[in-house]
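Visitor: I am new to this structure and would like a close look at a single part of it, the strand β7 and what lies around it. Could you take me through that part slowly, and then show me how it fits with the chains as a whole?

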Number of protein chains: 4
Amino acid sequence: MRVTVWNEYRHERKNPKVAEIYPEGIHGAIAAFLRGAGFKVRTATLDEAEHGLGGDVLETTDVLFWWGHIAHDEVSDEVAERVQRRVLEGMGLVVLHSGHFSKPFKRLMGTSCDLSWREIGERERLWVVAPHHPIAQGLDNTFVVPKAEMYGEPFDIPAPDELVFISWFQGGEVFRSGACFYRGQGKVFYFRPGHETFPIYHQSEVQRVLVNAAHWAAPTGRVKTQFGNRAEPLEPVKSSSQ
Amino acid sequence: MRVTVWNEYRHERKNPKVAEIYPEGIHGAIAAFLRGAGFKVRTATLDEAEHGLGGDVLETTDVLFWWGHIAHDEVSDEVAERVQRRVLEGMGLVVLHSGHFSKPFKRLMGTSCDLSWREIGERERLWVVAPHHPIAQGLDNTFVVPKAEMYGEPFDIPAPDELVFISWFQGGEVFRSGACFYRGQGKVFYFRPGHETFPIYHQSEVQRVLVNAAHWAAPTGRVKTQFGNRAEPLEPVKSSSQ
Amino acid sequence: MRVTVWNEYRHERKNPKVAEIYPEGIHGAIAAFLRGAGFKVRTATLDEAEHGLGGDVLETTDVLFWWGHIAHDEVSDEVAERVQRRVLEGMGLVVLHSGHFSKPFKRLMGTSCDLSWREIGERERLWVVAPHHPIAQGLDNTFVVPKAEMYGEPFDIPAPDELVFISWFQGGEVFRSGACFYRGQGKVFYFRPGHETFPIYHQSEVQRVLVNAAHWAAPTGRVKTQFGNRAEPLEPVKSSSQ
Amino acid sequence: MRVTVWNEYRHERKNPKVAEIYPEGIHGAIAAFLRGAGFKVRTATLDEAEHGLGGDVLETTDVLFWWGHIAHDEVSDEVAERVQRRVLEGMGLVVLHSGHFSKPFKRLMGTSCDLSWREIGERERLWVVAPHHPIAQGLDNTFVVPKAEMYGEPFDIPAPDELVFISWFQGGEVFRSGACFYRGQGKVFYFRPGHETFPIYHQSEVQRVLVNAAHWAAPTGRVKTQFGNRAEPLEPVKSSSQ
């Protein structure tokens, strides 16, 4: 299992508060606990050539994590399209927090992915609504993120193929926080918690979810498909019917 | 209910065989039976200015029908994006046959929308798999399209929110032929049957499905949403927790 | 549209506090506002012969509302099975609040329908998560039930075919509060709000949801099905292949 | 992984033609290839005490396979209810062919599970419609069952949570042949192919599907749930609001 963690990596270099929480960048923090779980992990960032996703990086990635926030528009359409295509070919994609507005996620959803929000460090409670789901394993019914940015419904996404978590916020909102989508031969998991100035990726339950998600999103193998080909009849078609 | 029928309108002008079957164009044939069912119908075609979808045409359309085949790439990205945005705002979209590869449909699905195909005029049988569904009303369990182009699975779309029809083909394939998708505040119906040289849009069962689909896809009204706004807390958030 | 409102009708006759809020019974209150919306409404209660659902009552009911709480076990298996069968034939069913544990609902879901709960009169906020849905029409994004019994996740139901509302509770829980299920030719809507000592069915937003739900759950007509019949081949099957 | 294969085991003892194809019973044939795939397998049959599912058999079963046909009614309601409850607790269930009418499956679906049928040994082609799905791994796009009993749509089940296979039949019908359902903490897979006088369980593709299904249906672990408990508030609820 080869994981690539992609990060915009701007906040950390501009804002000392963010750098303090994530001295190796958000990608560094995520890569560290994924490595601890046994995955082979690389990182890639916006300001690298081709955003770090050139060459055969995507072709040799089983699951891609994506964190972006203030520079979604600086991701080239070409790279966004390449990520989308790789997902359709079978690569897993885990989209984090503000990545709801990233180009690859919006392309895969086909919707605006819009939502309401508030940033006052309120309490968030996540509830498991699919106890059977692999991404929920090892968790209790519910867990708390002590200080979070709020994201509120309606969240303009297609109905998830599987809904795993719903969030409660202190200020009165709810949100579909953990949502699975099957697209082509690939799997997409959107996970709401995460932020640049709250230390959410250091929290054990959040790490557990993301490790579970990497396992879940891994390619399952390939059914040989014949897309786009003219197909010969498998059964006799009488000429009289033509 | 204001319906706009969009047609690429190239086959009819180049190929006398097509013009014979659809002397007023495919859009003309579809518009005629929709008018007969009581809808207020306009048409629009690729070679008009802004593909006939400029001004307030889309803003004053409740349901848009879309037929394209050989010139998908000539539809401008701007118009494709406008159609997508209008669907998310609540406009219904009925995508016909080879429209599976059209820009608006691919944008809304987020997948390749690829499939396998064969064009030998074989028999197609459609089966209702959701007997409760409004789009199936007035039909029997099954009906036949005598001569059809085959489309075969796998069809690279997201799992439909509602699957209404599955097709059987004489040559051995099956296909998810009638599929409903909810996207934003809008509804999308993909319907497989249809062709430029088989007189499929003159068939009564096909017309019935498309009339039903126009009713189903109509906007349901609007819930007042607050997308993209910073939201004030609805409940007290204690400063001690911040 | 013929609606029948079924009520256990025990609380109202034992508890003066309930009788004060619902002097005509919960069924009477619900019947009144449904009549106001133009439906033809009858009521039926547990202690009538065959629970008021004998003769042709169910056969002449388009949508059945169901309220029960302390006497689910006193509903006969025969009547529960009859309700289930009628839903599969096309009758709509709207299940209210504590009806999550009623026999007809549990039979139709196939799951335990269990949940967690708390009864301290806390605030509930419902959020629309499917703005396109007919059941949400005429509402704002969110509305408040000032005093509610809490129901919490996980709610042991199959994944709803359409999820319309999610509830937030003051005490920290969330709940899938408005959920649609297609079963056979019938439609089922579960709606969480409601209680015997909080005047929830007098609240305008709740009434709006239930009027919308009655329209949504109405039978759509009938596709002629051939269940259980031995079918003749529609296509030639060569004897050589047998 | 502990698998139990349940068989009605009547055909094999009455009909020499069946005994010839399945000398160890259908359960014996299925148990053999599952053992070959590394599972620990037991069998159980209708005419054993408690249908072979007494004691702690179900409690120590991870995945249960179910084959029944002519004696569904002889399965006791108590055992059927026990199977249902164990699925809700997390046991996997793989329902085979005519098991669509078995008590455990009907209880879990909540619908009639009816269909149309024909038994003339016609050709069936299965098509993969979810190429990403674990149950489809190792297969081509399509495979043939040379002689099959036909099952036709509409199939009266809830919309599957995941649809993996659709069947084509020589005589003109289609069928949702491989369908996944999540119920409680358990997983249910219905697989259409199979018969007592056609040697379908000896076919390699069918065996591959059933081995994949056993892996897929295995319990994923347990989220600690608090069903049916009165819950204490997790957040302060002001007395003023009560």
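Guide: What follows begins with strand β7, moves to the strands and loops beside it, and then turns to the chains and a pocket. Please keep in mind throughout that this is a predicted model.

Let us start in chain A, where strand β7 covers residues 162–169. Eight of the eight residues of this strand are buried, so β7(A) is largely enclosed by the rest of the structure. Here, a residue counts as buried when its relative accessible area is under 20%.

On one hand, β7(A) pairs with strand β5 of chain A, residues 116–128, in the antiparallel sense and over five bridges. To find this pairing in the view, look for A:L126, whose bridge partner in β7(A) is A:S167. On the other hand, β7(A) also pairs with strand β8 of chain A, residues 174–183, and this pairing is again antiparallel, with six bridges. Here a good landmark is A:W168, which has A:V174 as its bridge partner in β8(A). The strands β7(A) and β8(A) form a hairpin with four residues between them, and in this hairpin A:G172 takes a positive phi near 115 degrees. As a general point for reading such strands, in a regular strand the side chains alternate between the two faces of the sheet.

The corresponding region of chain B lets us follow the pairing of β5 further. Five bridges join β5(B) to β7(B), residues 162–169, and the two strands run antiparallel. Within this pairing, B:V128 has B:F165 of β7(B) as its bridge partner. Strand β5(B), residues 116–128, also pairs with strand β6(B), residues 142–152, over eight bridges and in the antiparallel sense. In that second pairing, B:W117 stands opposite B:Y151 of β6(B).

Between β6 and β7 of chain B there is a loop, and B:P154 is found in it. The peptide bond that leads from B:E153 to B:P154 is cis, with omega near -5 degrees. In chain D, the loop between β6 (142–152) and β7 (162–169) holds D:P154, and the peptide bond from D:E153 to D:P154 is likewise cis, with omega near 0 degrees.

Two other loop residues deserve a careful look for their backbone angles. D:C113 is found in the loop between α5 (103–109) and β5 (116–128) of chain D, and its phi is near 60 degrees, a positive value in a residue other than glycine. D:C113 has a relative accessible area of 0% and is therefore buried. In chain B, the loop between β2 (40–45) and β3 (63–67) contains B:H51, whose phi, near 55 degrees, is also a positive value in a residue other than glycine. With a relative accessibility of 10%, B:H51 counts as buried too.

We can now step back to the chains. In general, two copies of a chain are related by a rotation about an axis and a shift along it. Chain A is superposed on chain B by a rotation of 180 degrees with 0.0 Å of shift along the axis, at an RMSD of 0.0 Å. That is the relation of a two-fold axis. In chain A, the C-alpha nearest this axis belongs to A:G110, at 2.6 Å from it. The same surface serves both copies, with 98% of the contact residues of chain A recurring in chain B.

Chain A can also be laid on chain D, by a turn of 180 degrees and a shift of 0.0 Å along the axis, with an RMSD of 0.0 Å. For this rotation axis, the residue of chain A that comes closest is A:D161, with its C-alpha at 3.9 Å. Here too the same surface serves both copies, and 100% of the contact residues of chain A recur in chain D.

Finally, the second largest pocket contains about 1,200 Å³ of space. It is lined by 37 residues, and the closest to its centre are A:E81, A:Q84, A:R107, B:K106 and B:R107. The elements that give two or more residues to this lining are α4 (77–89) and α5 (103–109) of chain A, together with α4 (77–89) and α5 (103–109) of chain B. Among these, α4(A) gives the most, with six residues. By residue type, the lining of this pocket divides into 17 charged, 13 polar and seven nonpolar residues.

Technical notes. Residues numbered from 1 in each chain as written. Chains lettered and ligands numbered in written order. Predicted model: local features only at pLDDT ≥ 70, side-chain atom pairs only at ≥ 80, totals over all residues. Heavy atoms only, no water. Pairing = 2+ DSSP bridges. 1 Å grid on protein atoms, 1.4 Å probe; cavity = no way out; pocket = protein on both sides within 12 Å on 5 of 7 lines; lining within 4 Å. Points joined across faces, edges and corners; volume = space filled by probe spheres on them. Nonpolar A, V, L, I, M, F, W, Y, C, P; charged D, E, K, R; others polar. Buried < 20%, exposed > 50% of the residue type's maximum accessible area, 1.4 Å probe, protein only. Least-squares fit on C-alpha atoms with pLDDT ≥ 70 in both. Contact = heavy atoms within 4.5 Å.
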